[in-house]
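The following exercises ask the reader to work through a protein model step by step. Please attempt each task before reading its solution.

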Amino acid sequence: MALIHPNCINSLSSCTKTRRNFTFTSKSSSPLSMAVQRRKKFSVSAVSTASGETSINGVTTTTRSLTEKKSLQTGKSSSAMEQLDIERGVCVPFRKYTPETVKSKVLESRGAVLSLMLRGVEIVWNLGLYWSALMYDCLVGRDKEVVPDRARQLRNLLCNLGSSFIKAGQVLANRPDIIREDYMNELCILQDDVPPFPNQVAFNIIEEELGRPLEAVFSKISSQTIAAASLGQVYRATLRDTGEDVAIKVQRPEIEPIIYRDLFLFRTLASFLNGISLQKLGCNAELIVDEFGEKLLEELDYTLEARNIEDFLENFKDDPTVKIPRVYKQLSGSRVLVMEWIDGIRCTDPQAIKKAGIDLDGFLTVGVSAALRQLLEFGLFHGDPHPGNIFAMRDGRIAYVDFGNVAELSQQNKQILIDAVVHAVNEDYVEMANDFTRLGFLAKGTDVSPIIPALEAIWQNSAGKGLSDFNFRSVTGQFNKLVYNYPIRIPERFSLVIRSLLTQEGICFTLKPDFKFLEVAYPYVAKRLLTDPNPALRERLIQVLFKDGVFQWKRLENLITLAKENVAKMSSNPALQVNSTQHSKSLQVIRKLDLTDTIKDGARLFFTDEGIRRQLLLALTEDSKLHIQELVDVYRLVESDLDMPSLAMEVVRDFPTVVRDLALSWTDSVLLDR
């Protein structure tokens, strides 16, 4: 069932063919000239995610969603699903989950109602017994000493209650806003320790989906599962027609009605907890169930996973350092997915990676850069990058498998994340706290003043140690305490972001114990700020380079140095040593820090934006002296990367556009004066 929520209507024009990338970039318009127009026409620099925001060529247009208008007219609050759509700000063209759909599926027959009642009694009985044990521990004063036992008991209870609860436990393992950290650590075991179901049952499901006997399609298939998860398991096989090795992912038998039934019960129970949830998290408990249910039903439909793979293939098609397996759609369906077999080295085996001749530093840089590209560039990222889902290819590429758990970020959410990075760099903790509200961590209207000192303490305590000692796990541990003490809710998509970054950082530590995540992440962000043509990023570059109206020469030098460091580390990867025709263009870009567009647009901005021109002139003449040496230092940093003849040609070619923008700017100022 494919539904498009009314909230999506306003943003349909920004949906691309791959359904997830929402930015159109015009090649005929200069990014920085559009940024200038944006600053002149729109004085609001940050728009709340509670309104629809479409960014086209840097010009941000803000419109209220249809649902929000209706809500304002009727005076009623939006439903949980409507709130999710408003927060995300993206289309959901393949939605399988709505509370109404779940209800109709569950109550479609008299027998289903009886099954529902029996299941409800089972759940309430088991959870009630567990809750009673916790209350008894509190009464006798031993609640702290029995935590390991109770955490283990909770994990076993979720396993016994079936796939829905196993999946719920996996989600809770990344939700410090809902559950304590010691319980989270125990529930992490659920991500790897799931028993498989019988082979014959799996083979019968494959034959039903294919409509043919196994022997007619595969010349051989593994007798043991390669991996088992809460919703399915994987086998290795060989195609009879081509001899290619493939991975076959098979869904657990009769799992869909069980999932629908449990989701209905989850939401029913959540309705009784709305008061507590509003007090502790600032949102209805039903909203949390809706987030969980939507992701779970997406993961249950392998046709959606096939689309996820196609999207990842499209996103990384020009990146020679990343391998995404292709999917055999003619052999796949809603319960069976056949993919290219990835013959790689597990990322937790540093000796095997070194033995294959792969440079660890280069490979780690590729991995971190690929993760950050997913998060900040594509807005579509792998939500479960555990060691069984990431491999090192023998040619130096990083390979991803299992795309059932994929999350997406809207263009505005990506920009707010980059805003948060800028605010962290500028030590603007008030705006950082406001970013939390814009991202949905805090309910709209929440007083952020008590959170600001806590954020400042977390960041300064972590960043104060320097890049060498900074790691996400320590920051996350401190953040978990903040989340537990304030009415902060972690939206599902951001809990996946946190888990994704923590998991990948853990893999990096396994490969290189003294690995420093930010020493790779910062150079990537620096390169992106300096070279990305996105006008929103160019605007944020300006925010970084100017502090309190003063140009920060040292920051510019640091950004260039870090960006060149990223290029150098990427170039050491063996995958880039293969001088293939297919990737020749991207190889040139990766091996050289190309600042042509940045310099060209910077020059245009200098001529057309009076405010920027005044600030730059002040920067050059600050303290009543010419800062020529700073200019020389910056030039020396980029000298080896600049192709002066090509840059001169670009400037000449762009000269008519600069003159036009200058004339328009002058005309605007004259009209405003009148």
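A salt bridge is a side-chain nitrogen of Lys or Arg within 4 Å of a carboxyl oxygen of Asp or Glu. The model is predicted, so local features need pLDDT of at least 70 and side-chain atom pairs count only at pLDDT 80 or more, while totals for chains, interfaces and linings use all residues. Residues are numbered from 1 along each chain as its sequence is written, and side-chain values use heavy atoms, with hydrogens and water left out.

**Exercise 1. Salt bridges**

Task: Determine which parts of the chain are tied together by the salt bridge between Glu209 and Arg335, and state whether each partner is buried or exposed or partly exposed.

Solution. Step 1: The side chains of Glu209 and Arg335 form a salt bridge at 3.0 Å, N to O. Step 2: Glu209 belongs to helix H9 (residues 199-210), and Arg335 to the loop between strand E7 (322-323) and strand E8 (336-340), so the bridge ties together parts 126 residues apart in sequence. Helices (H or I, at least four residues) and strands (E, at least two) are DSSP runs, numbered from the N terminus. Step 3: Burial is judged by relative accessible area: buried means under 20%, exposed over 50%, and partly exposed in between (1.4 Å probe, protein chains only). Glu209 has 28% relative accessibility and is partly exposed; Arg335, at 24%, is also partly exposed.

Task: Carry out the analysis for Glu186 with Arg155, and for Arg142 with Asp137.

Solution. Step 1: Glu186 and Arg155 meet through their side chains in a salt bridge of 2.5 Å, N to O. This pair links distant parts of the chain, with Glu186 in helix H8 (residues 181-187) and Arg155 in helix H6 (residues 147-161), 31 residues apart. Glu186 is buried at 14% relative accessibility, and Arg155 is buried at 13%. Step 2: In the salt bridge of Arg142 with Asp137, the closest N and O atoms are 2.9 Å apart. Here Arg142 is partly exposed at 30%, whereas Asp137 is buried at 2%. Step 3: A search of the whole structure gives 28 salt bridges.

**Exercise 2. Cysteines**

Task: Explain why Cys347 forms no bond with its closest cysteine sulfur.

Solution. Step 1: A disulfide requires a pair of cysteine sulfur atoms within 2.5 Å. Step 2: The closest cysteine sulfur to that of Cys347 lies in Cys508, 8.5 Å away, which is too far for a bond. Step 3: The structure as a whole holds zero disulfides. As for accessibility, Cys347 is buried at 1%, while Cys138 is partly exposed at 44%.

**Exercise 3. Strand E6 and its partners**

Task: Identify which strands pair with E6, and in which sense.

Solution. Step 1: Two strands pair if DSSP finds at least two bridges between them. Step 2: Strand E5 (residues 232-239) pairs with E6 in the antiparallel sense over seven bridges, and Thr238 stands opposite Asp245 in E6. The two strands form a hairpin with five residues between them, and Gly243 in the turn has a positive phi of about 80°. Step 3: E6 and E8 also run antiparallel, joined by five bridges; Ala247 stands opposite Met339 in E8. Step 4: Strand E6 (residues 245-251) is mostly covered, with six of its seven residues buried.

**Exercise 4. Helices H13 and H21**

Task: Compare the span of each helix with the expected value, and describe its burial.

Solution. Step 1: The expected span is 1.5 Å times one less than the number of residues. Step 2: Helix H13 (residues 285-300) has 16 residues and spans 23 Å from first C-alpha to last, close to the expected 22 Å. Because 16 of its 16 residues are buried, H13 is largely enclosed by the rest of the structure. Step 3: Helix H21 (residues 492-511) has 20 residues and spans 29 Å from first C-alpha to last, close to the expected 28 Å. H21 is mostly covered, with 15 of its 20 residues buried.

**Exercise 5. The surroundings of Ile309**

Task: Locate Ile309 and list which residues it touches.

Solution. Step 1: Ile309 lies in helix H14 (residues 302-315) and is buried at 0% relative accessibility. Step 2: Contact means heavy atoms within 4.5 Å. Not counting residues up to four places away in sequence, Ile309 touches Ile324, Pro325, Val327, Leu337, Met339 and Phe403. Step 3: Ile309 and Val401 are 92 residues apart in sequence and 8.8 Å apart in space, C-alpha to C-alpha.
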